[in-house]
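Student: I'd like a close look at just one part of this protein, explained step by step. Here is the one I have in mind.

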Amino acid sequence: MRILSTIMLAGLMMISCGESKKEKDNAEEAVEMASTEMETPVEEPMVTETIVGVASGNENFSTLVAAVQAADLVGTLSSDGPFTVFAPTNDSFSKLPEGTVESLLQPENKAALINLLTYHVVAGEFSAAAVVEAINSNDGSFVAETVQGDKLTLTLDGENVKLIDAQGNASMVIMADVPASNGVIHAIDAVVMPAE
């Protein structure tokens, strides 16, 4: 009987040791997995398309893309930059007087088209947060010089950024922070006009 008790005790100890070893192995495996997960950096998706590439991939900018192509600005807006583009949507262009877009796309009006398009571009990359901060830091109004040379006045209308062009017309940012490899696009709801 005593031998049987000793065998049972030894058996229990072996089972207990086996369970303990199994638990230890499981714990070590969990720690190893957790540390592997912690070491793996979260990669931000890399934006490889330029401003022109991003705009070309969005049907809301087809008029803008056609205008950029007609003005031979594809190379410029595909260069390193960085640029901030206040991009009029197709609806924005449709608000212009009838025949304006068709007229601007004619080869003889290329200089006027370049003048108009470069008025929508600011050198440097400015996120919506940076624009809002600049407006707030300058008593509610920030003047940005465009690549064209004229200025755009940026203000806030509630929480939305409003652009006031050289002729006093207003346009609202309707979609902000569209990333590109060479800058950022902010879609606007009206074409802004440089000084005549």
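In which sense do β6 and β7 pair, and over how many bridges? Please start there and show me what surrounds β7.

Tutor: Happy to. One thing to keep in mind first: you're looking at a predicted model. As for your question, β6 and β7 pair in the antiparallel sense, over five bridges. With two residues between them, the two strands make a hairpin. If you want one pair to find on screen, try Val173, which stands opposite Ile188 in β7.

Now turn to the other neighbour of β7. Strand β1, residues 83–88, pairs with β7, residues 183–188, and here the sense is parallel, over six bridges. Two pairs help you trace it: Phe83 faces Gly183, and Ala87 has Ala187 as its bridge partner. So β7 is antiparallel to β6 and parallel to β1, which fits the bigger picture of a sheet with mixed pairing.

Let's zoom out to that sheet. It is open and has seven strands, in the order β2-β1-β7-β6-β5-β4-β3. Its edges are β2 (121–123) and β3 (141–145), each of which pairs on one side only. On average, neighbouring strands in the sheet are turned by 30° against each other, ignoring direction. Across the whole chain you'd count eight helices and seven strands.

How enclosed is β7 itself? Six of its six residues are buried, so the strand is largely enclosed by the rest of the structure. To see how that works, remember that in a regular strand the side chains alternate between the two faces of the sheet. In β7 both faces are covered: Gly183, Ile185 and Ala187 are buried on one side, and Val184, His186 and Ile188 are buried on the other. For comparison, buried residues make up 32% of the 196 residues in the chain.

What lies across the strands? One element to look for is helix α8, residues 128–137. This helix lies across β3, β4 (151–157), β5 (160–164), β6 (170–180) and β7, and runs at about 90° to β4. A residue worth clicking on in β4 is Thr155. Its relative accessibility is 13%, and because buried means under 20%, Thr155 counts as buried. Leaving out neighbours within four places in sequence, Thr155 is in contact with Ile135, Gly140, Ser141, Asn160, Val161, Lys162 and Ile164.

Back in β7, pick Ile185. Not counting residues up to four places away in sequence, Ile185 touches Ile51, Val54, Ala55, Phe61, Val85, Ala87, Met175, Ala176, Asp177 and Val178. Ile185 is also one of the residues with the most contacts inside the largest nonpolar core, together with Phe61, Leu64, Val68 and Leu117. That core has 28 residues. At least two of them come from each of α2 (51–56), α3, β1, α6, α7, β6 and β7. Apart from this core lies another, with 13 residues, including Val122, Ile135, Leu154 and Val192. In soluble globular proteins, nonpolar side chains tend to be buried together.

Two of the helices that feed the 28-residue core deserve a stop. In α7, residues 110–118, you'll find Leu113, Leu116, Leu117 and Thr118 buried. Their cover includes α3 (62–70), α6 (100–104) and β2. In α2, have a look at Val52. Val52 is buried, with a relative accessible area of 14%. Neighbours within four places aside, Val52 is in contact with Val68, Val74, Leu77 and Ser78. Val74 is 22 residues from Val52 along the chain, yet their C-alpha atoms are separated by 6.6 Å.

Finally, go to the loop between β6 and β7, where Asn182 is found. Asn182 has a relative accessibility of 3% and counts as buried. Residues up to four places away aside, Asn182 touches Thr50, Ile51, Leu77, Ser78, Ser79, Asp80, Gly81, Pro82 and Phe83. Its side chain reaches the backbone nitrogen of Ile51 at 2.9 Å. And here's a nice one: Glu49 is 133 residues from Asn182 along the chain, while their C-alpha atoms are separated by 8.1 Å. Links across the sequence show up in the chain totals too: among contacts with a separation of 6 or more, 65% join residues 24 or more positions apart.

Terms used:
Residues are numbered from 1 along each chain as its sequence is written. This is a predicted model: local features need pLDDT of at least 70, side-chain atom pairs count only at pLDDT 80 or more; totals for chains, interfaces and linings use all residues. Side-chain values use heavy atoms; hydrogens and water are left out. Two strands pair if DSSP finds at least two bridges between them. Helices (H or I, at least four residues) and strands (E, at least two) are DSSP runs, numbered from the N terminus. Axes are lines fitted to C-alpha atoms, for helices over the stretch in contact, and angles run from 0 to 180 degrees between N-to-C directions. Contact means heavy atoms within 4.5 Å. Buried means under 20% relative accessible area, exposed over 50%, partly exposed in between (1.4 Å probe, protein chains only). A nonpolar core is a set of buried Ala, Val, Leu, Ile, Met, Phe, Trp, Tyr and Cys residues joined through side-chain atoms within 4.5 Å. A polar contact is a pair of N or O atoms within 3.5 Å; within protein, one must be able to donate a hydrogen and the other to accept it, and residues adjacent in sequence count only if both atoms are side-chain atoms.
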